[in-house]
Amino acid sequence: MDVFHITDRHGHKLTDEAVISHIEQSLCCSDDAAAISSGGIRSLTTLELTGADRPGLLSEVFAVLADLQYSVAHAKLWTYKGRVAALIFVEEESGAPVEELDKIRCIKARLRNVVSVSFILRGPRPH
């Protein structure tokens, strides 16, 4: 999608050029330093979450991951008409991708309680 219609909380079209520029820069990921280590591209475990949006949802997702002692290396989040979609790139405290099946099952079970509609976990991929 190339066109975004962004409004403020009152439904008015966004006109502040500084805010628009900041949003455009935030959406661009061509030089994404968060996913690149000094030694090159590293492998991260990707969590794909979708569901109903609500206040505090992202905070709860990150709290679950912190409680499980996983680091969030990078995240992208989109909301539209009360729905949310997120890509969250996580790793073990050691910096390694999450690969053990028991750990993946635990993440899925804990996050399923927070985001109840849909959850997909993809294995490690370079980002």
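Reader: Which residue stands opposite V84 in β5?

Author: Good place to start, and bear in mind that this is a predicted model. Strand β4 (residues 70–80) and β5 run antiparallel, joined by ten bridges. Look across from V84 in β5 and the residue you meet is T79.

Reader: In the hairpin of β4 and β5, which residue takes a positive phi?

Author: Two residues sit between the strands of this hairpin. One to look at there is K81, whose phi is positive, near 50°. Another positive phi, of about 65°, turns up just after α2, at Q69. For the hairpin, though, the residue is K81.

Reader: Which elements do the buried residues of α2 pack against?

Author: Start with who is buried in α2: L57, V61, V64 and L65. Seen down the helix axis they fall within an arc of 95°, so they line one face of α2. S59, A66 and D67 are on the other side, and they're exposed. The buried residues pack against β3, β4, β5 and α3.

Reader: Why are the buried residues of α3 on the same side of the helix?

Author: The residues in question are I104, I107, L111 and V114. An α-helix has 3.6 residues a turn, so residues three or four places apart point the same way. On the other side of α3 you'll find L101, D102 and N113 exposed. The buried ones share a side because, around the axis of α3, they cover an arc of only 80°.

Reader: How many residues does the largest nonpolar core have?

Author: In soluble globular proteins, nonpolar side chains tend to be buried together. Here β3 (43–52), α2 (57–67), β5 (83–92) and α3 (101–114) each supply at least two residues of the largest core. Those with the most contacts inside it are L47, L49, V61, L65, I88, I107 and L111. The count for this core is 18 residues.

Reader: What distance does α3 reach from its first C-alpha to its last?

Author: α3 has 14 residues. At 1.5 Å a residue, the expected reach is 20 Å, and the model comes close to that. From first C-alpha to last, α3 reaches 20 Å.

Reader: Which element has the lowest mean pLDDT?

Author: The protein averages a pLDDT of 77, with 72% of the residues scoring at least 70. Over residues 29–41, however, the pLDDT is below 50. Where pLDDT is low, the predicted coordinates should not be read in detail. Among the elements, α2 has the highest mean, 92, and the lowest, 36, belongs to strand β1 (residues 36–37).

Terms used. Residues are numbered from 1 along each chain as its sequence is written. Side-chain values use heavy atoms; hydrogens and water are left out. A nonpolar core is a set of buried Ala, Val, Leu, Ile, Met, Phe, Trp, Tyr and Cys residues joined through side-chain atoms within 4.5 Å. Buried means under 20% relative accessible area, exposed over 50%, partly exposed in between (1.4 Å probe, protein chains only). Helices (H or I, at least four residues) and strands (E, at least two) are DSSP runs, numbered from the N terminus. The expected span of a helix is 1.5 Å times one less than its number of residues. The arc is that of the directions from the helix axis to the C-beta atoms. pLDDT is the predictor's confidence in each residue, from 0 to 100. Contact means heavy atoms within 4.5 Å. Two strands pair if DSSP finds at least two bridges between them.
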